Amino acid sequence: MASLDRVKVLVLGDSGVGKSSLVHLLCQNQVLGNPSWTVGCSVDVRVHDYKEGTPEEKTYYIELWDVGGSVGCASSLKSTRAVFYNSVNGIVLVHDLTNKKSSQNLYRWSLEALNKDSSPTGVIVSNGDYDREQFADSSVPLLLIGTKFDQIPENKKNDVLTRTAFLSEDFNAEELNLVVQGYPGRTPASFCSDNVPQL
Ligand SMILES: Nc1nc2c(ncn2[C@@H]2O[C@H](COP(=O)(O)OP(=O)(O)O)[C@@H](O)[C@H]2O)c(=O)[nH]1
Ligand SMILES: [Mg+2]
């Protein structure tokens, strides 16, 4: 059998935003019943038929690297994480739509993974002084995923969608907002597959 092309995708974001649930849903096609703490990094794989049914159809072996931890942690932990950031083909930035801090921290996560998080003085760049051009010239495609859309009250949904649209512009990223866990009347797997054609 011919070997499949391998694509490495990082899944980054604060603890509790739903990274493990998302990766499980994408790779196992089912809801993660009882998510546990992710220690270090866990890798799951999805076999994906790119442009299925067309002459350009090609099968890829997509590795989703779910990197645990906190972005505000000590630099020694960060340098440990740096080993995961080699040879990356894409980054999924995950934030919890009910938690603004998790959205703000995505600036730091992405700059860390793109290896652009230190100024010459070693001071970490926060979203207050980040530069859009740092994302504009990135050759690594970014996808922004907002989770827990089911937890947003109906009258707040438009505000949230406006906020995520600005955020995805900042990152020069595609964006999706979804429900990774189920909610009444909708199975999460079908909801997700409707919304994640690119993945
Ligand atoms: N309501 C709701 N809960 C979610 C959603 N996605 C994840 N969760 C819950 O959020 C919690 C943290 O999820 P987990 O995947 O462990 O987050 P991680 O720390 O980023 O890996 C779990 O209790 C999940 O069931 C979602 O879309 N809606
Ligand atoms: Mg996890």
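Select His24 to begin, and show the residues around it: in this predicted model, and not counting residues up to four places away in sequence, His24 touches Asn29, Gln30, Val31 and Leu32. With His24 still selected, notice that this residue lies in helix α1. Is His24 buried or exposed? Its relative accessibility is 18%, and because buried means under 20%, His24 counts as buried. Now add Arg46 to the selection and draw a distance between the two C-alpha atoms, which are separated by 9.7 Å although His24 and Arg46 are 22 residues apart along the chain.

Next, select the whole of α1, which runs over residues 19–28. How many of the residues of this helix are buried? The count is 8 of the 10, so α1 is largely enclosed by the rest of the structure. If you colour the buried residues of α1, you will be marking Lys19, Ser21, Leu22, Val23, His24, Leu25, Leu26 and Cys27. As you turn the helix, keep in mind that an α-helix has 3.6 residues a turn, so residues three or four places apart point the same way. Just after α1 comes Asn29, whose phi is positive, near 60°, and Asn29 is also one of the residues that His24 touches.

Then move to the other side of the helix in sequence and select Asp14, which lies in the loop between β1 (5–12) and α1. Which side chain of opposite charge is nearest to Asp14? That side chain is Lys19, but Lys19 is 7.0 Å away, and Asp14, although buried, has no salt bridge. Show the side chain of Asn105 as well, and you will find a polar contact of 2.7 Å between it and the side chain of Asp14. Leaving aside neighbours within four places in sequence, the residues in contact with Asp14 also include Val71, Val94, Lys101, Ser102 and Trp109.

Finally, select ligand 1, which is surrounded by 16 residues, the closest being Gly16, Lys19, Ser21, Asp150 and Val180. Lys19 and Ser21 are familiar from the tour, since both are among the buried residues of α1. Look first for the backbone of Val17, where an N or O atom lies 3.3 Å from an oxygen atom of the ligand, and then for Lys148, which has a polar backbone atom 3.0 Å from an oxygen atom of ligand 1. At Asp150, a polar side-chain atom lies 2.8 Å from a nitrogen atom of ligand 1. Taken on its own, ligand 1 has 580 Å² of accessible area, and the protein covers 79% of this.

Key. Residues are numbered from 1 along each chain as its sequence is written. Chains are lettered from A and ligands numbered from 1 in the order in which they are written. This is a predicted model: local features need pLDDT of at least 70, side-chain atom pairs count only at pLDDT 80 or more; totals for chains, interfaces and linings use all residues. Side-chain values use heavy atoms; hydrogens and water are left out. Helices (H or I, at least four residues) and strands (E, at least two) are DSSP runs, numbered from the N terminus. Buried means under 20% relative accessible area, exposed over 50%, partly exposed in between (1.4 Å probe, protein chains only). Lys and Arg count as positive and Asp and Glu as negative; His and the chain ends are not counted. A salt bridge is a side-chain nitrogen of Lys or Arg within 4 Å of a carboxyl oxygen of Asp or Glu. A polar contact is a pair of N or O atoms within 3.5 Å; within protein, one must be able to donate a hydrogen and the other to accept it, and residues adjacent in sequence count only if both atoms are side-chain atoms. Contact means heavy atoms within 4.5 Å. A residue is near a molecule or strand if one of its heavy atoms lies within 4 Å of it. Accessible areas come from the Shrake-Rupley method with a 1.4 Å probe; for residues, only the protein chains shown count as cover.
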